[in-house]
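This report covers the ligand site, the open and closed spaces in the protein, and two points of backbone geometry.

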Amino acid sequence: MRRLRFLTMALATAALSLPLTAGVAGADPAADRQSVPHSNARLDRLRDAAPEDFVVGTAVAGGGHHLEQDYPDPFTSDKTYRKILGRQFSSVSPENQMKWEFVHPERDRYDFEAADAIVGFAERHGQVVRGHTLLWHSQNPQWLEQGGFSKEELRAILREHVTTVVGRYAGRIQQWDVANEIFDDRGDLRTQDNIWIRELGPGIIADAFRWAHEADPKAKLFFNDYGVESVNAKSDAYYALTQDLIRQGVPVHGFSVQAHLSTRYAFPEDLETNLRRFDALRLETAVTELDVRMDLPETGMPTDAQQKQQADYYQRALSACLSVEDCNSFTIWGFTDKYSWVPVFFQGEGAATVMTEDFGRKPAFHALRSTLQAARGD
Ligand code: XIL
């Protein structure tokens, strides 16, 4: 339970009146490498600016689209990256390294090297971990998708996977995205592209939560999706499903919004209202993958107005979470544009994170920090 839930509105204004100069590429790149004179170095960090029981997280770059880029693995190779990762954040989410294709590359072989390294890093840095993810339609290995397995075999495969992966990190993962993106935008279950739902029916969702709970009774088990920031057909579908599962006694503990936002669209004004209705079901809520992409001008450099709008979206997403009683985990999907998935997946869009490619802090970074500080009451 968190106490300081107010002040965030006052803060919004303060945060946005910050100078925009910090946003330009090259500005302030050294700020995380040395202490800033005459400043309170601790409060300089997002993790320390946050209210006591509120964690600020980031995705840990590696796997997925990174494998096709011309840089080495960010998490293991980029020293500056690692330093900022350890200093600024109190929660980490493997961006790809716990997904099926990564962790379970062959039917009878698991590869935990990258995932272990992240969990070890988190423990050394006093960070919690969000596990991501166990039941999804995407980033599954070929052997699974094309294996021609019978229903019995598939059920046994999922059970073994959940038991093995969740069991390996039992007691060391704070929240698990058990089911990821199971509904389409109309609020219909993905009965075609999700192999589990297609082959085994919707009942498999409850089983995945039960197996995960058996393997780690302490982990909080979540539904996670994009496009569910507002009250809409998709979030309504989660609202109905979670109520139903809770009624049946299925161990579902949380509902989280990814929040991959774009300045092309208005900010989802009813984010707080939406989180509150899940909170009222006594579920935890979380923001798990926030980024705010934009159409880049020809120069490739965002304008001041774009930076300001982006900072406003970051701040409002954070304020919404801070205002909801059991929204205690707020994660951005990467902290530097250097490694963001956005330019790879959204043509012509980019600059979606809170730091430039050379780790300069953008207005969005400052907006997050001052909003956290105000919520903490400093
Ligand atoms: C993305 C990663 O950022 C990329 O590196 C990867 O190539 C594809 O997946 N929703 C999710 C995340 O739940 O797992 C996705 O991550 C982004 C959308």
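## Ligand site

In this predicted model, the ligand sits in the largest pocket. The shell around the ligand holds 16 residues, and those that come nearest are His-65, Glu-95, Asn-96, Lys-99 and His-132. Sorted by class, this shell has 8 polar, 4 nonpolar and 4 charged residues.

Polar side chains approach the ligand at several points. For Asn-96, a side-chain N or O atom is 2.9 Å from an oxygen atom of the ligand. For Glu-181, a side-chain N or O atom is 3.1 Å from a nitrogen atom of the ligand. Gln-258 places a polar side-chain atom 3.2 Å from a ligand nitrogen atom. On its own the ligand has 410 Å² of accessible area, and the protein covers 93% of it.

## Largest pocket

The pocket that holds the ligand contains about 620 Å³ of space. Its lining is made up of 33 residues, with Tyr-226, Gln-258, His-260, Trp-341 and Phe-346 nearest the centre. Gln-258 thus appears both in this central group and in a polar contact with the ligand.

Three elements each give at least two residues to the lining: strand S7 (260-262), strand S8 (284-295) and helix H14 (342-345). The largest share, 3 residues, is supplied by S7. By class, the lining of the largest pocket has 13 nonpolar, 13 polar and 7 charged residues.

## Second largest pocket

The volume of the second largest pocket is about 340 Å³. It is lined by 23 residues, and Leu-296, Asp-337, Lys-338, Ala-351 and Glu-357 are the closest to its centre. The lining of this second pocket divides into 10 nonpolar, 8 polar and 5 charged residues.

## Closed cavities

How many cavities of 30 Å³ or more does a search of the whole structure find? There are 2 of them, and the second largest has a volume of about 40 Å³.

Residues from separate parts of the numbering line the second largest cavity: Ala-59, Ala-61, Tyr-81 and Glu-95 are among them, as are Trp-333, Gly-334, Phe-335, Thr-336, Tyr-339 and Ser-340. The class count for this lining is 6 nonpolar, 3 polar and 1 charged. Glu-95 belongs to the lining of this cavity and is also one of the residues that come nearest the ligand.

## Backbone geometry

The peptide bond between His-132 and Thr-133 is cis, with omega about 5°. Thr-133 is part of strand S3, which spans residues 128-135. His-132, on the other side of that bond, is among the residues nearest the ligand.

Ala-259 has a positive phi, near 70°, although it is not glycine. This alanine is in the loop between strand S6 (254-257) and S7. Strand S7, which follows that loop, is the element that gives the largest share of the lining of the largest pocket.

Conventions
Residues are numbered from 1 along each chain as its sequence is written. This is a predicted model: local features need pLDDT of at least 70, side-chain atom pairs count only at pLDDT 80 or more; totals for chains, interfaces and linings use all residues. Side-chain values use heavy atoms; hydrogens and water are left out. On a 1 Å grid over the protein atoms alone, a cavity is a set of points where a 1.4 Å probe fits but cannot get out, and a pocket is an open set with protein on both sides within 12 Å along at least five of seven lines; lining residues have an atom within 4 Å of a point. Grid points are joined across faces, edges and corners, and a volume is the space filled by probe spheres set on the points. Helices (H or I, at least four residues) and strands (E, at least two) are DSSP runs, numbered from the N terminus. Ala, Val, Leu, Ile, Met, Phe, Trp, Tyr, Cys and Pro count as nonpolar, Asp, Glu, Lys and Arg as charged, and the others, Gly among them, as polar. A residue is near a molecule or strand if one of its heavy atoms lies within 4 Å of it. A polar contact is a pair of N or O atoms within 3.5 Å; within protein, one must be able to donate a hydrogen and the other to accept it, and residues adjacent in sequence count only if both atoms are side-chain atoms. Accessible areas come from the Shrake-Rupley method with a 1.4 Å probe; for residues, only the protein chains shown count as cover. A molecule sits in a cavity or pocket if more than half of its atoms lie within 2 Å of its grid points.
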